[in-house]
Amino acid sequence: MFQTRRRLLSLALVAALSACTTTPPPAAAPQNKPKLVVLVVIDGLPMRQVTGYRDQLAPDGFARFLDHGRWFANAHYGHGHTVTAAGHSVMLSGAYPQRSGIISNEWRNPATGELVYNTGDPDYQYIDSPTAPLSGTSPRNLKVETLGDVLRTRSPDSKVIGISGKDRGAILPAGHKGTAYMYMTETGRFASSTYYMQAHPQWVTDFNAARPADAFFKKTWAPLLPEAAYARSVPDGQSWQIASGNGNKLPAVIGDQMEGPGPRFYGGLLASPFGDELTLAFARAAVKNEKLGQRGVQDILSVSLSSHDYINHAFGPESRLSHDHTLHLDRHLQAFFQFLDREVGAGNYVLALTADHGFTDTPEWAATQGRDAGRFTNGPALAAVNGALSAKFGVDKLAWAFSASGLLLNEKLAADKGLKFIDVQAAARDELLKLPGVAAVFTREQLLGSDKTTPYLEAMRKSFDPTRAAQLQIVLKRGWIFSYRPGGSTHGSPHDYDTHVPLLFWGPGYVGQGEMKERVEVADLAPTLAGVAGLPAPAQAQGRDLKLKP
């Protein structure tokens, strides 16, 4: 009875939406090549959330791909440290972090121990916005070219624009020759950096002058559907859900108990459906004012929507808050796609949608379901390893720090003390393997070798750049996470819940239709879009062209 009532509610909603929206319009016969390539990235969206809520989707958001496009049900990342910067570096380069050098969001320099941010570059500053240390301002650390770099090398008049709530979500897909715009949480504006230009175009200045972020002050995030529609999700207000920011219950008032818009409000806006809405408003302005796909040359637009990642980090992908955000996001996508139909023309562009990583269920929730799950905390782990190494070798602090997905050892200190580094590395590995939640630890020699049979080793090898990564790379057991706070969840493992993401395409006459069940990788995206666009694949791409043309 309950299942029947829930399905009737879902069907009623779809019927109501169908009455006021249209499915993708039939397109005129396309040109040989699309005028505009559009990549939409949903930060932190596991594929299981797209298919799991399929009965509640609007007719023309995610359903545009599922019902009218070509989509891959079994798409994964091939590298093991599945985090935002690494994923965004793979999408339009086709190169794993072992080649791109973007091994994580941040890491420590193996020679000095200094912190490095993936898009940090002190030579450049944000335009009309404050630039904090380690801010993401350029693609200097990206060692490979992107599809946009290929396009602009061949066609200098083409435009390549990356837009995101996060600097890394804008800069890395835009590559070296594109232009990136990112959301400033201090001001609520979008800004580029002096790597790209010395001053914003007038349309960006006008967009920011209108203060569109302020329009969401005190706006309420309310559930989109009746309560019964969320029975498949974990209710709000759980003890493991982060209650700071906008709280952990719906409805939630964004900016509640604040006197006016300011940095706290602008930051909190990203952890709500309104962050996506604002980012897509800026993307619309870019399409209109830059006349993307409308100038007789081919262009590329990348839009990375950051809000889902913040929501999954705070509440877990199993939560009602994440479920509801997926549905709000779906409606925002529908409106954006229909805008592109009108502005560019449905037969003139091709769409691709993916995510930079999936997400792990919150460990406390997983434990209630009888699963082995837990939190690995770096501080106590580092102390345990250093204590054991000190007892064995008589030298303190041989383990420097955790860096990205590994433990960084002080190789110089070991040499200065007359120790064989291989012995220190082996002892540190042994201690790590004793810690709760650790499944595997790989040495630098293993990662530089050719063994393809040991579980997780090949995935971690694809995340390993020996000039940037720690000597020991760690894989946690299924259900365990590297944890930096007492609640919420994260990602970053080679397990399928973190690697399995959407890979969806739409474009009448360009990509065909239907579900594809073969296992593919997100590294295939760049060569595939290159094939659709009539371009060579980026030089360092490790993926393959999926040959989508009908």
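These questions and answers cover the fold of one chain and a four-stranded sheet within that chain.

The model is predicted: local features need pLDDT of at least 70, side-chain atom pairs count only at pLDDT 80 or more, and totals for chains, interfaces and linings use all residues. Residues are numbered from 1 along each chain as its sequence is written, and side-chain values use heavy atoms, with hydrogens and water left out.

Reader: What radius of gyration does the chain have?
Author: The radius is taken over C-alpha atoms, and the globule rule is 2.2 Å times the number of residues to the power 0.38. For 550 residues, a compact globule would come near 24 Å. The chain agrees with that, at 23 Å.

Reader: What share of the residues count as buried?
Author: Buried means under 20% relative accessible area (1.4 Å probe, protein chains only). Of the 550 residues, the share is 60%.

Reader: In what order do the four strands of the open sheet lie?
Author: Strands (E, at least two residues) are DSSP runs, numbered from the N terminus. Two of them pair if DSSP finds at least two bridges between them. Here the pairing is antiparallel, and the order is 13-14-16-15.

Reader: Which strands stand at the edges?
Author: An edge strand here has a single partner, so one side is left without a neighbour in the sheet. That describes strand 13 (399-403) and strand 15 (438-442).

Reader: Which residue stands opposite Leu 407?
Author: Strand 14 (residues 406-409) pairs with strand 16 (residues 472-476) over two bridges. Across from Leu 407, in strand 16, stands Leu 472.

Terms used
Buried means under 20% relative accessible area, exposed over 50%, partly exposed in between (1.4 Å probe, protein chains only).
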